[in-house]
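Hi,

Here is the structure I promised to pass on. Have a look at it, and my notes follow underneath.

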Amino acid sequence: MANIFAAKGRPSDNPLIVHFADGHAGLQQLAMDGKVPPEATALAEAFWPGPLSICIRANPKAVSATCRAGLTSVAVRV
């Protein structure tokens, strides 16, 4: 993971965006307890695929703390 930060020239306190081909599966997989907020689902249906990152509370077992830069949330994009 450190190699990704280095290749992008990204500081380690700036979290990465997780990209998925299927946004609904991505949101559910990464969400805390698999619970996707209804607002996130509505935004995904309206704007994905596209340049919208949706931030949700992360499942720490699915998204490493390094990727999240130590935050409790994760940004997802399709």
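Aspartate 33 sits in the loop between α2 and α3. Keep in mind that this is a predicted model. The phi angle of aspartate 33 is near 60 degrees, which is a positive value in a residue other than glycine. That caught my eye because most residues other than glycine have a negative phi. With 60% relative accessibility, aspartate 33 counts as exposed.

Alanine 69 is another one to look at: its phi is positive too, about 55 degrees, and it is not a glycine either. You'll find alanine 69 in the loop between β2 and β3. Is alanine 69 buried, partly exposed or exposed? Its relative accessibility is 21% and the cut-off for buried is under 20%, so alanine 69 counts as partly exposed.

While you're looking at backbone details, go to the loop between α3 and β2, where proline 49 is found. The peptide bond leading from tryptophan 48 to proline 49 is cis, and its omega is near -5 degrees. As a reminder, most peptide bonds are trans.

Now the overall picture. The chain has 3 helices and 3 strands, and reading along the sequence they come in the pattern α-β-α-α-β-β. The C-alpha trace spans about 35 × 25 × 15 Å along its principal axes. Does that go with a compact globule, or against one? For 78 residues, such a globule would have a radius of gyration near 12 Å, and the chain has 12 Å, so the two agree.

Some totals for the chain:

- Buried residues account for 29% of the 78 residues.
- Of the contacts between residues at least 6 apart in sequence, 56% join residues at least 24 apart.
- The accessible surface is about 4900 Å², and 57% of it belongs to carbon and sulfur atoms.
- There are 7 positive and 5 negative charges, and their mean positions lie 8 Å apart.

Next, helix α2, which covers residues 23-30. Which of its residues are buried? They are Gly23, Gly26, Leu27 and Leu30. Looking down the axis of α2, these buried residues fall within an arc of 95 degrees, so they line one face of the helix. As for what covers them, the list includes β1 (17-19), α3 (38-47), β2 (54-57) and β3 (73-77).

Glutamine 29 also belongs to helix α2, but it counts as partly exposed, at 48% relative accessibility. Leaving out neighbours within four places in sequence, what does glutamine 29 contact? The answer is Phe20, Asn59 and Ala62. Asparagine 59 is 30 residues away from glutamine 29 along the chain, yet their C-alpha atoms are separated by 8.0 Å.

Asparagine 59 deserves a look from its own side as well. Its place is in the loop between β2 and β3, and at 19% relative accessibility asparagine 59 counts as buried. If you again skip neighbours within four places in sequence, asparagine 59 is in contact with Gln29, Leu30, Ala31 and Met32. One of those, Leu30, is also among the buried residues of α2.

Over in helix α3 there is threonine 41. It is partly exposed, with a relative accessible area of 26%. Not counting residues up to four places away in sequence, threonine 41 touches His24 and Val36. Try picking out threonine 41 and isoleucine 54 in the viewer: they are 13 residues apart in sequence, and 9.3 Å apart in space from C-alpha to C-alpha.

Last, have a look at glycine 9, in the loop between α1 (2-8) and β1. Glycine 9 counts as exposed, at 63% relative accessibility. How far apart are the C-alpha atoms of glycine 9 and leucine 27? They are separated by 27 Å, with the two positions 18 residues apart along the chain. Leucine 27, as noted above, is one of the buried residues of α2.

Cheers

Key:
Residues are numbered from 1 along each chain as its sequence is written. This is a predicted model: local features need pLDDT of at least 70, side-chain atom pairs count only at pLDDT 80 or more; totals for chains, interfaces and linings use all residues. Side-chain values use heavy atoms; hydrogens and water are left out. Helices (H or I, at least four residues) and strands (E, at least two) are DSSP runs, numbered from the N terminus. The radius of gyration is taken over C-alpha atoms; the globule rule is 2.2 Å times the number of residues to the power 0.38. Buried means under 20% relative accessible area, exposed over 50%, partly exposed in between (1.4 Å probe, protein chains only). Contact means heavy atoms within 4.5 Å. Accessible areas come from the Shrake-Rupley method with a 1.4 Å probe; for residues, only the protein chains shown count as cover. Lys and Arg count as positive and Asp and Glu as negative; His and the chain ends are not counted. The place of a charge is taken as NZ of Lys, CZ of Arg, CG of Asp or CD of Glu. The arc is that of the directions from the helix axis to the C-beta atoms.
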